[in-house]
Amino acid sequence: MRNVRMALKKRGDRTRQRKEGDMLASWLMLTPMLVIFTLFFILPLLYTIFYSFTDWNNYSLGIKFTGLQNYKNILKDSTLLIGIKNSLIYAFVTVLLQNVISLPVAVVLSSKLPARNFFRTLFFTPSVLSILVIGYLFSYILSSDNFGLMNTLLNSIGMGPINFLGSSDTALASIIGTQVWQWFGWSMVIYIANLQNIPQDFYEAARLDGASAIQQFFHITLPNLAPSLKINLITGMISGLKVFDIVFSLTQGGPGNSTETILTLMFSKFSDGDYGYASAFGIAFLVITMLLTVVVLGIFNKWEKRLQ
């Protein structure tokens, strides 16, 4: 028995040493990423929070602590309200259209359609292009001048030119259209990956029970797409709220602030040298994004519980 106890003790010591070695190796591998994360995210965030409570700008020699004054000014800033409204409209409309288009396209391209790989590549390709490149490309396509492709086509059928980017009535909708075109292929790929993991036995059993294609979609396909729906909606919403590049390259917030977003306004405040106020803009944007993310996650979690 003594030998057995000694053998068990040695085995326990080796197991504990192995676990300690694995833990040390894990921390050694994590340390570089933790250092990078701290330097490029945690510290800038803390500095931004600090400066949001100051009057730091290009026009005074020192920095004074002003408390909540920047945040009070934000609540009185009508331009910021326009930026928040445009950001919310852009985020929700873009995400809605992007998924309404990409989901049925993914279902079709998951079937045994001839040349399906060609169409997958065709629809996905715009998402790998730079947003600035897309912006400058569409600034010519949507131009109100004679060389604009869209207005050339409209003129050829007698509909006359439309000032897509120069009118406050159409500018934001035009920007949304460019981003739906660019990113629906990205959502499509995520849906296709999820669709390929749905067991075909479900569909075979449903067909034996006489279920139509529409019934199969709503009772089998859609419930099993909950993970990819969550990914597409949450990432799309966050990307929509922080939209900057496409607006800057197409309209720079114009005409007349009609396409200003939270980040374009924050950029203009930084450009004007009002760094403390711009920092408060950034923190306000972070809080709004976090609140909306929590709301959307809560809705999806309730939906997934109902499906279980």
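Val133 is placed in helix α5, which covers residues 131-141; helices (H or I, at least four residues) and strands (E, at least two) are DSSP runs, numbered from the N terminus. Val133 has a relative accessibility of 49% and therefore counts as partly exposed. In this scheme, buried means under 20% relative accessible area, exposed over 50%, and partly exposed in between, with a 1.4 Å probe and protein chains only. The C-alpha atom of Val133 is separated by 8.6 Å from that of Ser249, although the two positions lie 116 residues apart along the chain.

The model is predicted: local features need pLDDT of at least 70, side-chain atom pairs count only at pLDDT 80 or more, and totals for chains, interfaces and linings use all residues. Residues are numbered from 1 along each chain as its sequence is written, and side-chain values use heavy atoms, with hydrogens and water left out.

Towards the N terminus, Ser52 occupies the loop between α1 (2-51) and α2. Ser52 is buried, because its relative accessibility is 0%. From Ser52 to Gly67 the C-alpha distance is 8.4 Å, with a sequence separation of 15 residues.

Three loop positions deserve attention for their backbone geometry. Most residues other than glycine have a negative phi, and most peptide bonds are trans. Ala115, in the loop between α3 and α4, has a positive phi near 60°. Ala115 is partly exposed, because its relative accessibility is 46%. Gln252, in the loop between α11 and α12, likewise is not a glycine and has a positive phi of about 55°. With a relative accessibility of 57%, Gln252 counts as exposed.

The loop between α11 and α12 also holds Gly254 and Pro255. The peptide bond that joins Gly254 to Pro255 is cis, with omega near -10°. Gly254 has a relative accessible area of 15% and is therefore buried. The C-alpha atoms of Gly254 and Phe92 are 20 Å apart, and the two residues are separated by 162 residues along the chain.

Helix α7 can be checked against its expected length. The expected span of a helix is 1.5 Å times one less than its number of residues. The 25 residues of α7 should therefore span 36 Å, and the end C-alpha atoms are 36 Å apart, which agrees. Helix α7 nevertheless has a kink of about 35° centred on Trp183, where the bend at a residue is the angle between axes fitted to the seven residues ending there and the seven starting there.

Helix α7 also takes part in the nonpolar interior. The largest nonpolar core has 33 residues, and Ile74, Ala106, Tyr191 and Phe281 have the most contacts inside it. Such a core is a set of buried Ala, Val, Leu, Ile, Met, Phe, Trp, Tyr and Cys residues joined through side-chain atoms within 4.5 Å. Two or more residues of this core come from each of α2 (69-76), α3, α7, α8, α10, α12 (262-271) and α13 (275-307). Helix α13 gives the most, with 8 residues.

The description now turns to open space. A pocket is an open set of points on a 1 Å grid over the protein atoms alone, where a 1.4 Å probe fits, with protein on both sides within 12 Å along at least five of seven lines; lining residues have an atom within 4 Å of a point. Grid points are joined across faces, edges and corners, and a volume is the space filled by probe spheres set on the points.

The largest pocket has a volume of about 500 Å³. Its lining comprises 16 residues, of which Val107, Ser110, Leu195, Tyr203 and Thr221 lie nearest the centre. The elements that give two or more residues to this lining are α3 (78-109), α4 (116-124), α8 (200-208) and α9 (213-224), and α9 gives the most, with 4 residues. By class, the lining has 7 nonpolar, 6 polar and 3 charged residues; Ala, Val, Leu, Ile, Met, Phe, Trp, Tyr, Cys and Pro count as nonpolar, Asp, Glu, Lys and Arg as charged, and the others, Gly among them, as polar.

The second largest pocket has a volume of about 370 Å³ and is lined by 19 residues. Trp183, on which the kink of α7 is centred, is one of the residues nearest the centre of this pocket, together with Thr235, Gly236, Ser239 and Gly240. Helices α3, α7 (171-195), α10 (226-241) and α11 (245-250) each supply at least two lining residues, and α10 gives the most, with 5 residues. The lining of the second largest pocket divides into 8 nonpolar, 9 polar and 2 charged residues.
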